[in-house]
Amino acid sequence: MDNKLNVTYITFDGLVEVQKYRYLYFVIMFTVYILIICSNFTIVSIIVIHKSLHEPMYIFIAALLINSVLFSTAIYPKLLIDFLSEKQIISYPACLFQWFSFYSLGSSEFFLLSVMAYDRYVSICNPLQYSTIMRKTTVIIFLIFAWILPACEFSVLILLSAKKEICKFHLKGIHCNSTVHKLHCVRSTLLNIYGLVVFVSAALLPVLFILFTYTRILVISYRCRGVRRKAAQTCLPHLLVLINFSCLSAYDVLLARLEVDFPKIVRLIMTLQIITYQPLFNPIIYGLKMRGIYEQLKRLFYKRV
């Protein structure tokens, strides 16, 4: 507690030998952050520039990649500052905002993947109605919904947490996540119940919807040989991204809910995977597996060579 400014500070205790390897940490993570920005915005720029890619599927991909950059920006700048600081601290209000950004944008990723799954379902299972269903207005509504709904859900959670008194000032991590509730003097039943409701609506239901949708697509593909190739080309990247993100999210949820005391180095490695894999994984998968994007990438780099 800073008595002069009346500001509460939280100390991060998740880095391993930061005093010894601070510059190595900084160089590696700064490089990763630059790669995330460049790789994601390269794909987004290609989609924006080429009119042949102005289709709902590619627009949703661009939105997903922008979301990945925003997700990284909520974590990396503060993390890079911590590497070069004597103390790894953050004010409690800033911690709550980082918590909000981390989960709101993470939830938006699930909603965007759900929308992409629905888009593929309509395209493959109802191709004649695709242009009628997936109109420009529909796409805009889906995008707004994917960002606004999670933000509203987690805003309530943050407001409830902000009113709670805290008695602990150390977090076993490198950024603020749902383990913040462990700082509270008294565990709140209301917070736990609402957190469970948010988890179901923001993560579990979208995943179940995606699995149901792709199951339907697989059934149709099995019956109709003509759509198998199209289904494989367009659905496989989405499934790879979903599996990767779901596994990392499951670890984060279990870490917060289960009172398991992992070794510090294990906790650090797993946390770095959560904030690194997905933002780097998305542009690689969509750049290599989506034929329209891949063709434009080849033209871009072959011209420069």
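The following exercises concern the cysteines of a predicted model.

**Exercise 1.** State how many disulfides a search of the whole structure finds, and give their pattern along the chain.

*Solution.* The search of the whole structure yields 2 disulfides. With bonded cysteines counted along the chain, the pattern is 1-3, 2-4.

**Exercise 2.** Characterise the disulfide between Cys95 and Cys176 by its geometry, its place in the fold and its burial.

*Solution.* Begin with the sulfur atoms: the S to S distance of Cys95 and Cys176 is 1.9 Å, which satisfies the cut-off of within 2.5 Å. Next, take the torsion about the S-S bond, which is about -120°, so this disulfide is left-handed. Then locate the two residues: Cys95 belongs to helix H4 (residues 92–125), whereas Cys176 sits in the loop between strand S3 (170–171) and helix H7 (189–223), so the pair ties together parts 81 residues apart in sequence. Finally, Cys95 and Cys176 are both buried.

**Exercise 3.** Carry out the analysis for Cys167 and Cys185.

*Solution.* The sulfur atoms of Cys167 and Cys185 are 1.7 Å apart, and the two residues form a disulfide. The torsion about their S-S bond is about 95°, so the disulfide is right-handed. Cys167 lies in the loop between helix H6 (136–162) and S3, and Cys185 in the loop between S3 and H7; the pair, 18 residues apart, links distant parts of the chain. For accessibility, partly exposed lies between the 20% and 50% limits. Cys167 has 45% relative accessibility, and therefore counts as partly exposed. Cys185, at 31%, is likewise partly exposed.

**Exercise 4.** Classify Cys38 and Cys152 by relative accessibility.

*Solution.* Cys38 has 43% relative accessibility, so it counts as partly exposed. Cys152 has a relative accessible area of 46%, so this residue is partly exposed.

How values were computed: Residues are numbered from 1 along each chain as its sequence is written. This is a predicted model: local features need pLDDT of at least 70, side-chain atom pairs count only at pLDDT 80 or more; totals for chains, interfaces and linings use all residues. Side-chain values use heavy atoms; hydrogens and water are left out. Helices (H or I, at least four residues) and strands (E, at least two) are DSSP runs, numbered from the N terminus. Buried means under 20% relative accessible area, exposed over 50%, partly exposed in between (1.4 Å probe, protein chains only).
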